[in-house]
Amino acid sequence: MIPVNKMITSRSTKKDNTVVDLGSCRIGDGSLTIIAGPCAVESLDQMIYLARLLKKMGVAIIRGGAFKPRTSPYSFQGLGEEGLKILSAASAETGLPFVTEATDSRSLEIACRYADVIQIGSRNMQNFSLLREAGKSKKPVLLKRGFSSTLEEWIMAAEYIASEGNQKIIFCERGIRTFENYTRNTMDISAIPAIKELSHFPVVADPSHGTGRRSLVGPLSRASVAAGADGLMLEVHENPPEALSDGPQSLYPAELEALLPSLKALHGACDVA
Ligand code: PEP
Ligand code: MN
């Protein structure tokens, strides 16, 4: 195996933090980047409504799934390319960039035509051909942690992307599977400072998937910020009980708005540089 000190992603190769620059925001420069939006894009009206609200709240990046990796083949699978057109319209309306998931090479090719950031989801973290293609795409990649992956496996997945010449990588801790089942996953807060020790790429946290419970998203968001996260990815829906995907973990817009000041205050209070 290649020694750690030769790896592109390794902190020992590059001491300074890598900043992923999206033009309107910079992830990893010491600021706190908030990414928010519904789990899945459901309609144009929904996305425009949410994007306007999110913009007002100071959210930097919109999220929304168009190609959804659902556990059941009978669950809503996303709007596909139509969803990307909707996200593009919401982005044009607000000036905010957006992130969306690609689940295979076909959806990656389509997503690259629209999105500012490509998400590789937990289930695909070790889809090595998809990682290589995302690397070749040169788009910023938000790489979620596989729910049963070690930090080393996660960093190696990032190395696949970097080895293709793409150094615009954002790690996203989204919880791992443990024996505990009160929460959907177990949010591994320690992964945040650990990845920052091991790699120079920014790390954001996703307490929505990390907990699966709306009531726990606020506390785990604060914990993630205190642990040094460069940003948060939060699911928000205008009417969570009716959401087509991940309603129980989606915040109401008013809850997100109420949460943001405490995150900013904590970020200011913690010397996490
Ligand atoms: C998502 O972000 O909606 C998602 C499916 O995330 P994960 O891959 O972490 O489950
Ligand atoms: Mn989701």
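Donors are N, O and S atoms within 2.8 Å of the metal (3.2 Å for Na, K and Ca), and since water is not among the atoms, sites may look incomplete. In this predicted model, local features need pLDDT of at least 70, side-chain atom pairs count only at pLDDT 80 or more, and totals for chains, interfaces and linings use all residues. Side-chain values use heavy atoms, without hydrogens and water, while residues are numbered from 1 along each chain as its sequence is written, and chains are lettered from A and ligands numbered from 1 in the order in which they are written.

**The manganese ion**
- The manganese ion (ligand 2) has as its protein donors C39 (SG), H209 (NE2), E235 (OE) and D246 (OD), which lie 2.0 to 2.3 Å from it.
- Along the chain, these donors follow the spacing C-x169-H-x25-E-x10-D.

**Ligand 1**
- Among the residues around ligand 1, with a heavy atom within 4 Å of it, are C39, H209 and E235.
- A backbone N or O atom of S122 lies 2.8 Å from an oxygen atom of ligand 1, and an N or O atom in the side chain of R123 is 2.9 Å from an oxygen atom of this ligand.
- A polar side-chain atom of E235 lies 3.4 Å from an oxygen atom of ligand 1.
- Taken alone, ligand 1 exposes 290 Å² (Shrake-Rupley method, 1.4 Å probe), of which the protein buries 97%.

Notes
A polar contact is a pair of N or O atoms within 3.5 Å; within protein, one must be able to donate a hydrogen and the other to accept it, and residues adjacent in sequence count only if both atoms are side-chain atoms.
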